[in-house]
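Biologist: I should like a close look at a single part of this model: the enclosed space in its interior. Please describe what surrounds that space, and then set it in the context of the rest of the fold.

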Amino acid sequence: MICPSCGYDNIEGADRCEECVTSLRNSEVAQPGRESLSKSVMEDDINQLDQEFLSVSPDTVALEVINKMRAAGLGCALVIDDDGKLVGIFTERDLLNKLTGPAARSHQTAVSELMSADPEILSERDSVATAVNKMSIGRYRHIPVRKADGSYSVTSIKHVLKYIAKAEW
């Protein structure tokens, strides 16, 4: 039985998905082989989604990162160290939670002190359903994607919605 949330192929009759624990009871599960949006979401990999990319180094000050995000029209920046390793993601949520309010830090603080460290990462071969599931469970709007060549990009819920809107059902 294919999970409608993540596309995992569960044992027939399972009550919950073994991968994402979504309830499989009393739901009409889309089966591969049907030409539908459900099939596309479960089978298409996230390369089908638009992806964007802005990276900064860990020592970049927050104000500079915010200005780069604004100029690029992006809601996040990946924090990548000198070795090309993804060490964190700085999002609009980090900006709101860490640079405003009574416990606000200086806008001159290094982004490494404000970012969400060790973010969950998807592979470019993961399905659109997997991306949606990870975003939903983790309450993320942006999620880094590791490409086969070791580089990164970001996909977002905005890209998922564009993908769905373009789908021909």
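Modeller: In this predicted model, the largest cavity holds about 60 Å³ of space. The structure has one cavity of 30 Å³ or more. Its lining consists of Glu52, Phe53, Leu54, Leu74, Gly75, Cys76, His142, Val154 and His159. By class, these lining residues comprise five nonpolar, three polar and one charged.

His142 is a useful point from which to follow the surroundings. This lining residue belongs to strand S6. Its relative accessibility is 17%, so His142 counts as buried, the cut-off being under 20%. Beyond its sequence neighbours up to four places away, His142 touches Gly75, Cys76, Ile89, Glu92, Val154, Thr155 and Ser156. Among these contacts, Gly75, Cys76 and Val154 also appear in the cavity lining.

The contacts of His142 with Val154, Thr155 and Ser156 lead to strand S7 (152-156). S6 and S7 belong to an open sheet of three strands, ordered S5-S6-S7 and mixed in its pairing. S5 (122-123) and S7 are the edge strands, each with a single partner, so one side of each has no neighbour in the sheet. S5 pairs with S6 (residues 142-146) in the parallel sense through two bridges. Within this sheet, Leu122 lies opposite Val145 of S6. Leu122 and Val145 are also found, with Ile46 and Val160, in a separate core of 10 residues.

On another side of the account stand Gly75 and Cys76, both in the cavity lining and both touched by His142. Phe90 touches Gly75 and Cys76 too, and its further contacts include Val65, Ile66, Met69, Ala77, Val79, Leu95, Leu99, Val111, Leu114 and Met115. Phe90 and Val65 are the residues with the most contacts inside the largest nonpolar core, which has 15 residues. Helix H2 (62-72), strand S2 (76-80) and strand S3 (86-91) each give two or more residues to this core. H2 supplies the largest share, four residues.

S2 and S3 run antiparallel and are joined by five bridges. In this pairing, Ala77 stands opposite Phe90 of S3. Five residues lie between the two strands of the hairpin, where Gly84 adopts a positive phi near 85°. S3 also pairs with S4, in the antiparallel sense over two bridges, and Gly88 of S3 faces Ala117 of S4 across that pairing. Six of the six residues of S3 are buried, so this strand is largely enclosed by the rest of the structure.

The open spaces can be set beside the cavity. The largest pocket contains about 300 Å³ of space. It is lined by 17 residues, and Thr91, Arg93, Arg139, Tyr140 and Arg141 lie nearest its centre. S3, helix H3 (92-98), strand S4 (116-117) and S6 each contribute two or more residues to that lining. H3 provides the largest share, four residues. The classes in this lining are seven nonpolar, four polar and six charged residues.

The second largest pocket has a volume of about 170 Å³. Cys6, Glu19, Cys20, Glu120, Thr130, Asn133, Lys134, Ile137, Gly138 and Tyr140 form its lining, which divides into four nonpolar, three polar and three charged residues. Two of these residues, Thr130 and Asn133, are among the buried residues of helix H4 (residues 128-138), together with Val128, Ala129, Ala131 and Met135. After H4 comes Arg139, which has a positive phi near 60°; Arg139 is also one of the residues nearest the centre of the largest pocket. Tyr140, likewise listed near that centre, lines the second largest pocket as well.

For the chain as a whole, the secondary structure amounts to five helices and seven strands. Along the sequence their pattern reads α-β-α-β-β-α-β-β-α-β-β-α. Of the 169 residues, 40% count as buried. Of the contacts between residues at least 6 apart in sequence, 51% join residues at least 24 apart. The contact of His142 with Cys76 is one example of two distant parts of the sequence meeting at the cavity lining.

Note on methods
Residues are numbered from 1 along each chain as its sequence is written. This is a predicted model: local features need pLDDT of at least 70, side-chain atom pairs count only at pLDDT 80 or more; totals for chains, interfaces and linings use all residues. Side-chain values use heavy atoms; hydrogens and water are left out. A nonpolar core is a set of buried Ala, Val, Leu, Ile, Met, Phe, Trp, Tyr and Cys residues joined through side-chain atoms within 4.5 Å. Buried means under 20% relative accessible area, exposed over 50%, partly exposed in between (1.4 Å probe, protein chains only). Contact means heavy atoms within 4.5 Å. On a 1 Å grid over the protein atoms alone, a cavity is a set of points where a 1.4 Å probe fits but cannot get out, and a pocket is an open set with protein on both sides within 12 Å along at least five of seven lines; lining residues have an atom within 4 Å of a point. Grid points are joined across faces, edges and corners, and a volume is the space filled by probe spheres set on the points. Ala, Val, Leu, Ile, Met, Phe, Trp, Tyr, Cys and Pro count as nonpolar, Asp, Glu, Lys and Arg as charged, and the others, Gly among them, as polar. Two strands pair if DSSP finds at least two bridges between them.
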